[in-house]
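Here is a short tour for someone meeting this structure for the first time. Keep the model in view while you read.

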Amino acid sequence: MRTHVMELQDGDRLKTDVFNNAGLHVLPKGTSIHKEEIALLIRHSIDYVDIELREDGAVLSQLDRSDFQKLLKDNFDSTVKGYQSIFLEALTTGKFNQSMVDDKLKPMLEIIDQKKDVVSLLITFGEEDVNLYNHALQVGLLSYYIASWLGYSRDECYEISKAGCLHDIGKSKIRQELRNHNGPLNEAQLDEMRRHTRYGYEIIRDSMPDEVPALVALQHHEREDGTGFPQGLKAEEIHPYSKIVAVANMYVEMTAPDRLKGRPGLLAVLREVYELGFGELNEKVVQALVRHLLPHFVGKHARLSNGETAMIVWNNPSDYFRPLVKVNEQFLDLSVERQLTLEEIFM
């Protein structure tokens, strides 16, 4: 069971030997994990280890990939329907019942919390037809992962995830024909669409005592360099939760299919978001996304620029997007084979 070092529990036992990035043997297979071992792993900059199955996670962890995907999709569809009800309530009354958000979101997070293959999660959700409701849920779930990678507590991660799910609730006040509009918006349409951030702030403030989710709805289009909207805030003026949801929203938005170009690859989008981390998006949040998402690509299959299918074997810490791959029985180091690039990741 692949587990982040900050989520290890006292008494967990290593399923495999642990090596650091330099190839130094750090801990042997079978080691019982306690505070000292966790500290050692952190000192060696090791983020994930494989541990033996815990009893409480046995049933879910033993599901094969297809069964888990079905369970995930069923819960995702149910949660999307729940969010649709919340959206419609906001549309008709101008507010929503906060307990409905908790009732729908918590069961979904419990499932993904036990099966932390975020890439499978993104690929599974990426196969859905994108609409306002599943977009919002995808942003909320990815925000949850990013918050956990940044070291937020479990409760804080949940609050960030909930804020991510509600970030676009203000679109309930936007005309339906504009919400469903395909193609470029003119200046007047763009101005009206941008109002959803202020509408979202108002709806959430009328529905919940906590102002932070409302701030996230207001600020999720603000940018570190001051080029965002609605207030043109700069880095230090933007709430930390808003910075996380902004990155998740950008990533999910960029992976949505284009009517003419089709659906862009996860890796191509991750490269673009990585570049945005040097200006528009918060660098720390983007780095957390890239550094923690890429290890989940290990073991996945990918299409190379020459058309061949490869399996990703190892991530190169000095060049994130050029890992070691295996084609048939041949190993290729893409940091050396510069003429080849990864084009797409798939299950």
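Setting aside neighbours within four places in sequence, H220 is in contact with H167, D168, H196, T197, S242, V245, A246 and N249. The model is predicted. H220 lies in the loop between α11 and α12, a helix that spans 240-255. Is H220 buried or exposed? With a relative accessibility of 0%, H220 counts as buried; the cut-off for that is under 20%. One of its partners, T197, is 23 residues away along the chain. The C-alpha atoms of H220 and T197 are 7.8 Å apart.

**The protein as a whole**

The protein has 14 helices and nine strands. It has 347 residues, and 49% of them count as buried. Take the contacts between residues at least 6 apart in sequence: 61% of these join residues at least 24 apart.

**Two helix pairs**

T197 also takes part in a helix contact. Helix α10 (residues 196-205) meets helix α11 (residues 212-219). Their axes come within 7 Å and cross at roughly 170 degrees. Angles over 145 degrees count as roughly antiparallel, and α10 is therefore roughly antiparallel to α11. From α10 come T197, R198, G200, Y201, I204 and R205. From α11 come P213, A214, L215, A217 and L218. By class, the residues of this contact are seven nonpolar, two polar and two charged.

Helix α6 (residues 132-149) packs with helix α14 (residues 283-293). The angle is about 95 degrees, and the axes are 9 Å apart. Which way does that set α6 against α14? It makes α6 roughly perpendicular to α14, the label for angles from 65 to 115 degrees. On the α6 side are L142, I146 and W149. On the α14 side they meet V285, A288, L289, H292 and L293. The contact of α6 with α14 has seven nonpolar residues, one polar residue and no charged ones.

**The nonpolar cores**

The largest nonpolar core has 79 residues. Which residues have the most contacts inside it? They are Y251, V273 and L289. Helix α6 gives the most to this core, with twelve residues. A second, separate core has twelve residues, including L8, V18, L41 and V49.

Y251 links several of these names. Not counting residues up to four places away in sequence, Y251 touches L122, L142, L266, V269, L270, V273, L289 and L293. Two of the partners, L289 and L293, also belong to the α14 side of the helix pair with α6. L142 is on the α6 side of that pair.

Other partners of Y251 sit in helix α13. This helix covers residues 266-276. Its buried residues are L266, L267, V269, L270, V273 and Y274. Seen down the axis of α13, they fall within an arc of 155 degrees, so they line one face of the helix.

**A buried threonine**

T79 is found in helix α3, which runs over residues 65-93. T79 is buried, with a relative accessible area of 7%. Which residues does T79 contact, leaving aside neighbours within four places in sequence? They are K104, L105, M108 and L137.

**Backbone exceptions**

Most residues other than glycine have a negative phi, and most peptide bonds are trans. Two residues here, neither of them glycine, have a positive phi. The table lists them.

| Residue | Phi | Loop | Relative accessible area |
|---|---|---|---|
| S45 | near 55 degrees | between α1 (35-43) and β4 (48-50) | 53% |
| N328 | near 55 degrees | between β7 (324-327) and β8 (330-333) | 64% |

S45 counts as exposed. N328 is exposed as well; the cut-off for that is over 50%.

The peptide bond from F229 to P230 is cis, with omega near 10 degrees. Where is P230? P230 lies in the loop between α11 and α12. H220 is found in this loop too.

Key. Residues numbered from 1 in each chain as written. Predicted model: local features only at pLDDT ≥ 70, side-chain atom pairs only at ≥ 80, totals over all residues. Heavy atoms only, no water. Axes fitted to C-alpha atoms, helices over the stretch in contact; angles between N-to-C directions. Helix = DSSP H or I, 4+ residues; strand = E, 2+ residues; numbered from the N terminus. Parallel < 35°, antiparallel > 145°, perpendicular 65-115°, else oblique. Contact = heavy atoms within 4.5 Å. Nonpolar A, V, L, I, M, F, W, Y, C, P; charged D, E, K, R; others polar. Buried < 20%, exposed > 50% of the residue type's maximum accessible area, 1.4 Å probe, protein only. Arc of directions from axis to C-beta. Core = buried A, V, L, I, M, F, W, Y, C linked by side-chain atoms within 4.5 Å.
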